[in-house]
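Here are my notes on the model you passed along, as numbered points. Have the structure open while you go through them.

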Amino acid sequence: MNRATGLETITACREAWDLAVIGGGATGAGIAVDAASRGFRVVLLEQNDFGKGTSSRSTKLVHGGVRYLQQGNIPLVMEALKERGLLLQNAPHLVRNLEFVVPNYLWWEAPFYGVGLKMYDLLAGQHGFGPSRILSRDEVLRHIPTLEPEGLRGGVVYHDGQFDDSRLLINLLQTAVEHGGVVLNYARVTALVKDAGGQVTGLAFRDEESGCEHTLGARCVINATGPFCDQLRRLDDPGTVPMIAPSQGVHLVLPREFLAGNAAIMVPHTRDGRVLFAVPWHGHVLVGTTDTPIAEASLEPRAEEREVEFILETAGRYMARCPTRADIRSVFTGIRPLVKAKSDANTAALSRDHTIQISRSGLLTIAGGKWTTYRKMAEDAVNRAAELTSLPKRSCVTKDLRVHGFLAKPEVSGPLANYGSDAEGITGLMREQPRLATPLHEALPISGAQIVWAARHEMARTLDDVLARRTRALFLNARAALAMAPGAARLLADTLGRDENWQRRQLAEFDEIATRYLPGRQP
Ligand SMILES: Cc1cc2nc3c(=O)[nH]c(=O)nc-3n(C[C@H](O)[C@H](O)[C@H](O)COP(=O)(O)OP(=O)(O)OC[C@H]3O[C@@H](n4cnc5c(N)ncnc54)[C@H](O)[C@@H]3O)c2cc1C
């Protein structure tokens, strides 16, 4: 993965690509992997950094969706549980089997949730992660010693998957490139190119680093811009009816002490009728999420005060020590690309979870779904694109395709565990230059070698890229991320060949972004 090489390949190419994918989140990356591994010529363009949108801001669960089970959407749960199993099989270095405890404070909760979660096990079938079971009060407290003991009757424990979203995203893009795909970040699509008959034949994009405009031809253009997809659809047809009803979800990150033990907490029904999770993640606890309708998607959505208060208050009901604002290490917000009910007659809902729409001009838009089902979404999108454009019939191969970083027996802990087979390269860097082995801040086990690696091999271009998505510093501890920024900027500048002015600008931009992750410093 190298930006200069990618850009050169795109600008030198005179032939039309089979597929051009707009959007470098889970949906776009999945499509790039699927298409490249079928042998199609695919290019992916992302306006900012890969994962800058929703795909780095999830709850980090690879799950069937207990919420959908509550809604009785059995096919959807089965599909997601199957995808969960495939992801564990193909990216075992990234997906962890985690125990989730549903604590019960009312007499009817244990039998009610116990039966529901047995059904969840049954639906998983051969892809099961482990059986659920009812726990006594003492067993619940052994699983989660910091749970609120007052009124606790018992609980139910079940299994689901957990992952690091932006790392999986980078690994997927690497997989796409290894199969011949071309991916480019900081490449904003500004227009669609059409022929005399009004059919889309390509697109125009701006290289956000140089400011240069480029065009490329494609047999099919796929709009995989998640919550931003209506903006692209308007480029195609200014009068189009919006298909997304954006809604934001907020997570708080707290110190690990708030959730002792190795299990997560799942609250199936909060005051506003949502599911709330408290999940151990990279030595911290992630608590969320809310569901607040918003007018329009933006790249750095801001948490509302009342959302932060709601999570603190709800988490406080289940934690022996109530978290306060002073305990919050970071706040991050993501936008759900929720698809409204059918927006026009051409909308073909492949499942209630994701939707594929083909416009009159042939633009294929795919939206909705969730991280867990990215592979199935990609398979459906590429099948549809192949039908539309008469690409040769080639079967999808991603069910058994190993994701970059795959290790049959991965490390389960340690700061480089999520890198899978790439960990060796990073430790090699540390051996060559021992100063790169030192953590950049005492609060987080993130070393200079990870920054250099990200710039060399993972197309990281800015301080935000390395501190928010290649490492998760900003998401875990925003103050620590700000403190490590000057050191990280120096390493990045050395690796990318940038000067001190560039470093100063990067620091100023990162400072502005980081304020949104600090509850006390929200602008
Ligand atoms: C709070 C929250 C929690 C979630 N938790 C989970 C979970 O635990 N498990 C799970 O399975 N799913 C979860 N999801 C769902 C999942 O995160 C999303 O479904 C998924 O990330 C959407 O990916 P996407 O690629 O469609 O959109 P995005 O990740 O937003 O990607 C779209 C990309 O398109 C780019 N783009 C926009 N316009 C242009 C343009 N003109 N040119 C080029 N690029 C452009 C954007 O910059 C963006 O990066 C959660 C979602 C939210 C909001």
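1. Start with K60, which counts as buried because its relative accessibility is 0%, and the cut-off for that label is under 20%. K60 sits in the loop between strand 2 and strand 3 (61–62). The backbone deserves a look too: phi of K60 is near 70 degrees, a positive value in a residue that isn't glycine. Do keep in mind that this is a predicted model.

2. Next door in sequence, we get to the ligand. A polar backbone atom of L61 is 2.7 Å from a nitrogen atom of the ligand. On the side-chain front, T27 puts a polar atom 2.7 Å from a ligand oxygen. V189 joins in through a backbone N or O atom, 3.0 Å from a nitrogen atom of the ligand. On its own the ligand has 1,000 Å² of accessible area, and the protein covers 97% of that.

3. Which elements give two or more residues to the shell around the ligand? They are helix 2 (26–37), strand 8 (187–194), strand 11 (247–255) and strand 16 (330–336). There are 38 residues around the ligand, and T27, E46, S55, L61 and T372 come nearest. Sorted by class, the shell has 19 polar, 13 nonpolar and six charged residues.

4. Now the inside of the protein. In soluble globular proteins, nonpolar side chains tend to be buried together. Here the largest nonpolar core has 47 residues, and L19, I31, F50, L168, L173 and I366 touch the most other members. Quite a few elements supply at least two residues of this core, among them strand 1 (17–22), helix 2, helix 7 (165–178), strand 10 (213–223) and helix 10 (374–389). A second core, separate from that one, has 46 residues, including L467, L474, A488 and F510.

5. F50 is a good residue to click on if you want a feel for the packing. Leaving out residues up to four places away in sequence, F50 touches M1, G24, L44, L169, I170, L173, V183, L184, N185, M459, R469 and R470.

6. A176 is another one to check, and its place is in helix 7. A176 counts as buried because its relative accessibility is 0%. Beyond its neighbours within four places in sequence, A176 is in contact with A32, V33, A36 and G181. For a sense of scale, the C-alpha atoms of A176 and P293 are 34 Å apart, with their positions 117 residues apart along the chain.

7. What about D160: buried or exposed? D160 counts as buried, because its relative accessibility is 2%. D160 lies in strand 6 (residues 154–162). The side chain of D160 has a polar contact of 2.7 Å with that of R84, and another of 2.7 Å with the side chain of Y120. With residues up to four places away in sequence left out, D160 touches V62, H63, G64, R84, R96, N97, L98, F100, Y120 and F129.

8. Helix 12 (residues 448–457) is mostly covered, with eight of its ten residues buried. Those eight are G448, A449, Q450, I451, V452, W453, A454 and A455. What do the buried residues of helix 12 pack against? Their partners are helix 11, strand 20 (439–441), strand 21 (444–447), helix 13 (463–470) and helix 15 (478–496). Just after helix 12, M459 takes a positive phi of about 60 degrees. M459 is also one of the residues that F50 touches.

9. S390 is worth setting beside K60. S390 isn't a glycine either, yet has a positive phi of about 50 degrees. You'll find S390 in the loop between helix 10 and helix 11 (423–432). S390 is exposed because its relative accessible area is 58%, and the label applies over 50%. K60, by contrast, counts as buried at 0% relative accessibility.

10. One last backbone item for your checklist. The peptide bond from G288 to T289 is cis, with omega near 20 degrees. T289 is found in the loop between strand 14 (284–288) and strand 15 (292–293).

How values were computed: Residues are numbered from 1 along each chain as its sequence is written. This is a predicted model: local features need pLDDT of at least 70, side-chain atom pairs count only at pLDDT 80 or more; totals for chains, interfaces and linings use all residues. Side-chain values use heavy atoms; hydrogens and water are left out. A residue is near a molecule or strand if one of its heavy atoms lies within 4 Å of it. A polar contact is a pair of N or O atoms within 3.5 Å; within protein, one must be able to donate a hydrogen and the other to accept it, and residues adjacent in sequence count only if both atoms are side-chain atoms. Accessible areas come from the Shrake-Rupley method with a 1.4 Å probe; for residues, only the protein chains shown count as cover. Helices (H or I, at least four residues) and strands (E, at least two) are DSSP runs, numbered from the N terminus. Ala, Val, Leu, Ile, Met, Phe, Trp, Tyr, Cys and Pro count as nonpolar, Asp, Glu, Lys and Arg as charged, and the others, Gly among them, as polar. A nonpolar core is a set of buried Ala, Val, Leu, Ile, Met, Phe, Trp, Tyr and Cys residues joined through side-chain atoms within 4.5 Å. Buried means under 20% relative accessible area, exposed over 50%, partly exposed in between (1.4 Å probe, protein chains only). Contact means heavy atoms within 4.5 Å.
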